[in-house]
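User: Could you give me a close look at one part of this model, starting in the loops and working through to the helix packing? Please spell out your cut-offs as you go.

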Amino acid sequence: MTAAAETPIFRDSEADLAHRARWAASRTLIYGALLIWTLICLFPIYWTVTTSFKQAPDVMQGHLVPWLDYEPASLGWRSLGLSPDTLGQPSTPRAEFIKRFTNSLIVSLSASTLALLLGSMAAYGLSRFSYRFGFMRNADISFFFLSQLILPPVVLALPFLVLYKALALLDTRIGLILLYTLTVLPIVIWIMRDQFAGIPTELEEAALVDGLTVWRAFLTIILPIALPGMVAAFILSLVLTWNEYFFAALLTSTHANTLPVMVASQTGSQGINWWSMAALSTAAILPLLILGILLERFIIKGMAAGAVK
Amino acid sequence: MSQQGDLLHVVTNDDLSSARIAFGRAIMWGSGLILVLMAVLQTGQVQGWWDLGLTNWRPTLYAYLTWAVCLCWGQVLTRGEQGKRALFVLPAVLFVVSLTVFPLLFGVLIALSDWNLSSVSGRRFNGTANLVRMWNDPFYWNALGNMVWYVLAILVEYAIAFGLALLLNAQIRARKFFRVAFLLPLMLSPVAVSWMIGKSMLEPRFGPVARFARWLGWDTPSFFGDPLIAKLSIMVMDAWTFIPFMMIMLLAGLQAIPKEVQEAARVDGASGWRGFWEVTFPLMLPVSVTAVLIRIIFKLKLADIVITVTSGGPGGATDTVTSFIFREYRDRSNVGYGTLLAMVYLVIIVIAMTILMKLADRLARPRT
């Protein structure tokens, strides 16, 4: 038995051990960094959710862990009318909350649907046919749509305020839906254009030879294939419109207020109770948190669409 | 994408009857005429030429919608197959044009007038007086200056996002868990974030971050009192929500790089550090440029956090252009001046982005 034959079997010579130590160090470093950033990402969420079950002394003493540090109380949720004991009774804050929640839901769902509809059609058209509107060709039309991304909302805000006043659309859901559709449309077109460009044209050609019209081919053959991209675009639009605050704050007052406006209006006053604020924030972010956890795949797909060509 | 000709080659023989074409033309022109008529009638109402009892511009809106539908339908009627193709893009074009181009033109008109919504005198044309006022408004220039700092902060965000993307791309377990955890901040509304972090975690007495700062030895932590620290706090909060966005784009870029490239570099004797700077980083340049540019666009809209946490304070140190104009309207109902400020901002953005995109184009082009 020679030393040369021994080394490949037992990897415990000086050089191998050094290598293993370096490997272990790099592992620790990688997982350490990952865990630290996970903490940074999740702690604010954890803090908000747990604070909604705290009472005044718990907040002041900085208790962090429920059951271990402090006894959870549903004070915050009671102020929203959503705690177990108040759930059965009529409650004004709850009615208010549900109204805002429904507004947010209706506005974000409709705006995303509308944007997806208009955006997929436009993106499909631009990826398949060549157009001429006056001097504008396909590339110009695409650029026209995408350039809307650069437009800061504040430029449109005040003209829209005046226009909506004249059209009696101020403080209506329709007004918000139109505006939100406009803001997410470029993103939808971006994602969908990428999506359609990846589908070979031979598919439609075969369908057209079989006698389908262009629209039938689009609806029955292309859309099902592009479905993952559509889901991605829809969810991304949903996130953006659900969270939108600026337009909602300017253009709504009593009827069409969305959830962010309600949250913001409570943060203004200094004497607000932490636990009720935390409960409200939790309720406002919960739908999207669930969406994010369940459909993370699609969100990442949507955002990666433009990155890699 | 080819510039000329359709990607989808279809031969169609349209035989459109002349009656069909005539009907198509008729509805397009007819509805257009109704729209013009309606607009004239309503203008007359506003100018006081006659009184039709109309209280708002809804009738004109409905006439416009009718015209838009008739225009789309008329395309199909008069141009057959070509019209059906135009139908893909036409609705989106009509939608965007009517919701941006028209308000923008209207906005120029507002910008050149003295218009306070709360005063009874209504709109008065005052030419370039708003422009002169803007030139002498130190707060607007201050807000523009702040925007430069906020945009520069993107470089730090980019570095962190790149690091995270590299970590997620490494050989790790529970990759999906980390990816979801890293993504979550992006899901949260800036307004909720401004309460969660800005108003409670950074609260100087009971906030956990303040406690942590005291434990580290900072006796009187205050995150929004000092101008510099306040600006940094806003940057951190904004970065917290948007780093996942850049991270995911960069991660997609990293995953698109073939593994062989890295292996080849290693075989050639490149260490991890050199391998990164001379192989990975140059390959990632196009993706990086796209991610940073989109991030800049989003950053230029930054307002929600500033409005809800500091409302521009202390002394305008955290003000963004958007939050400044928002307060200009909220506090003084000054539509004319606010619109002018926004228009100037738009012009600056368009110029800056054009230059940036030109530079980025040169940077991202593969070096030969």
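Analyst: A:Ser253 is found in the loop between α12 (246-251) and α13 (259-267) of chain A; helices here are DSSP runs of H or I with at least four residues, numbered from the N terminus. This is a predicted model, in which local features need pLDDT of at least 70 and side-chain atom pairs count only at pLDDT 80 or more, while totals for chains, interfaces and linings use all residues. Residues are numbered from 1 along each chain as its sequence is written, and chains are lettered from A and ligands numbered from 1 in the order in which they are written.

A:Ser253 counts as exposed because it has 11 C-beta neighbours inside 10 Å. The scale behind that is simple: 20 or more other C-beta atoms within 10 Å make a residue buried, 12 or fewer make it exposed, and anything in between is partly exposed, with C-beta atoms placed from the backbone. In sequence A:Ser253 is 81 residues from A:Thr172, yet the C-alpha to C-alpha separation is 9.2 Å.

The residue just before that partner, A:Asp171, is worth a stop too. It sits in the loop between α7 (153-167) and α8 (173-197) of chain A, and its 16 C-beta neighbours inside 10 Å make it partly exposed. Most residues other than glycine have a negative phi. A:Asp171 is not a glycine, but its phi is positive at about 60°. Chain B offers another case: B:Ala174 has a positive phi near 55° and lies in the loop between α5 (138-169) and α6 (175-187) of chain B. With 12 C-beta neighbours inside 10 Å, B:Ala174 counts as exposed.

From that chain A loop we can follow α8(A) across to the other chain. The axes of α8(A) and α3(B) are 11 Å apart and make an angle of about 115° (axes are lines fitted to C-alpha atoms, for helices over the stretch in contact, with angles from 0 to 180 degrees between N-to-C directions). So α8(A) is roughly perpendicular to α3(B); under 35 degrees would be roughly parallel, over 145 roughly antiparallel, 65 to 115 is roughly perpendicular, and the rest is oblique. Their crossing is left-handed, a label used when the near helix is turned anticlockwise from the far one by less than a right angle, with right-handed for clockwise. A:Leu178, A:Leu182 and A:Leu185 meet B:Ala92, B:Val96, B:Leu99 and B:Thr100 there; contact means that the C-beta atoms, placed from the backbone, lie within 7 Å. By class, this patch has six nonpolar residues, one polar and no charged (nonpolar: Ala, Val, Leu, Ile, Met, Phe, Trp, Tyr, Cys and Pro; charged: Asp, Glu, Lys and Arg; polar: the others, Gly among them).

A:Leu185 ties this site to the interior. Beyond its neighbours within four places in sequence, A:Leu185 is in contact with A:Ala115, A:Leu118, A:Gly119, A:Phe145, A:Gln148, B:Ala92 and B:Val96. Along with A:Ala122, A:Val188, B:Met247 and B:Leu250, A:Leu185 touches the most other members of the largest nonpolar core, which has 173 residues; such a core joins buried Ala, Val, Leu, Ile, Met, Phe, Trp, Tyr and Cys residues through C-beta atoms within 7 Å.

Zooming out to the whole interface, 84 residues of chain B are in contact with 84 residues of chain A. Helix α3 (residues 81-111) gives the most to the chain B side, with 15 residues. That side divides into 60 nonpolar, 15 polar and nine charged residues.

Another pair across the chains is α14 (residues 274-294) of chain A and α7 (residues 190-201) of chain B, whose axes come within 9 Å and cross at roughly 145°. The crossing of α14(A) and α7(B) is left-handed. A:Trp274, A:Met277, A:Ser281, A:Ala284 and A:Ile285 face B:Ala192, B:Trp195, B:Met196 and B:Ser200 in this contact, giving seven nonpolar, two polar and no charged residues.

Last comes B:Lys301, in the loop between α11 and α12 (304-309) of chain B. It counts as partly exposed because 19 C-beta neighbours lie inside 10 Å. Leaving aside neighbours within four places in sequence, B:Lys301 is in contact with A:Pro152, A:Pro153 and B:Thr322. B:Thr322 is 21 residues away in sequence and 6.8 Å away in space, C-alpha to C-alpha.

Definitions and conventions: Contact = placed C-beta atoms within 7 Å. Helix = DSSP H or I, 4+ residues; strand = E, 2+ residues; numbered from the N terminus.
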